[in-house]
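Hi,

Here is the structure I said I would pass on to you. Have a look at it first, and then read my notes below.

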Amino acid sequence: MSLVCLSASYGAGGGWIGPELARALQVPFLDRAIPAAVAERLDVPLEDAAAFDERPGASWLERLLSATKPLN
């Protein structure tokens, strides 16, 4: 049995490419499998887990600024 895993960066078209690739390979397409597994494991509604899926992360500058503390 083979497995193809796609990671789609925000805006990369993964929502279109994934199903098309599965159709071309004649295999099932499992979308949102990770949020569903997370929701089940944490015993939270799927909507709560999905709210954090594919959310753009902070930029390097935002991470840098949030890590620094003002000197008093």
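Let me start with a pair of side chains: Arg-23 and Glu-20 form a salt bridge, and their closest N and O atoms are 2.6 Å apart. Side chains of opposite charge can pair when their charged atoms come close. Both Arg-23 and Glu-20 sit in helix 1, three residues apart, which is about one turn of the helix. How exposed are the two partners? Arg-23 counts as exposed because its relative accessibility is 55%, and the cut-off for that word is over 50%. Glu-20 has a relative accessible area of 33%, so it is only partly exposed. If you go hunting for other salt bridges, a search of the whole structure finds one, and you have just met Arg-23 and Glu-20 as its partners.

Before you go further, please keep in mind that this is a predicted model. The protein chain has an average pLDDT of 80, and 86% of the residues score at least 70. Where is confidence highest, and where is it lowest? Helix 1 comes out highest, at a mean of 88, while helix 4 (residues 60-67) is lowest, at 74.

Now the overall picture. The protein chain has four helices and zero strands, so to speak an α-α-α-α run if you read from the N terminus on. Of its 72 residues, 7% count as buried. The accessible surface comes to about 6,800 Å², and 60% of that belongs to carbon and sulfur atoms.

Back to helix 1, which covers residues 14-25. You can try a small check on it yourself. With 12 residues at 1.5 Å a residue, helix 1 should span 16 Å, and its end C-alpha atoms are indeed 16 Å apart, so the two values agree. Trp-16 is also in this helix. Is Trp-16 buried or exposed? Its relative accessible area is 59%, so Trp-16 is exposed. Trp-16 also belongs to a nonpolar patch on the surface, together with Val-4, Leu-6, Ile-17, Leu-25 and Val-27. Taken together, the residues of this patch have about 590 Å² of accessible area.

Next, two spots in the loops. Just after helix 1, Gln-26 takes a positive phi of about 55°, and that is a positive value in a residue other than glycine. Gln-26 lies in the loop between helix 1 and helix 2 (33-42). With 74% relative accessibility, Gln-26 counts as exposed. Asp-43 has a positive phi of about 55° too, although it is not a glycine. You will find Asp-43 in the loop between helix 2 and helix 3, and at 71% relative accessibility Asp-43 is exposed.

One last stop is Ala-51, in the loop between helix 3 (46-50) and helix 4. Which exposure class does Ala-51 fall into? Its relative accessibility is 48%, so Ala-51 counts as partly exposed. Ala-51 and Pro-35 are 16 residues apart along the chain, and their C-alpha atoms are separated by 9.0 Å.

Have fun turning it around on your screen!

Cheers

Methods
Residues numbered from 1 in each chain as written. Heavy atoms only, no water. Patch = residues over 30% accessible without salt bridge, like charges linked within 9 Å, V, L, I, M, F, W, Y side chains within 5 Å. Areas by Shrake-Rupley, 256 points an atom, 1.4 Å probe, with all protein chains shown as cover. Salt bridge = Lys/Arg side-chain N within 4 Å of Asp/Glu carboxyl O. Helix = DSSP H or I, 4+ residues; strand = E, 2+ residues; numbered from the N terminus. Buried < 20%, exposed > 50% of the residue type's maximum accessible area, 1.4 Å probe, protein only. pLDDT = per-residue confidence, 0-100. Expected span 1.5 Å × (residues − 1).
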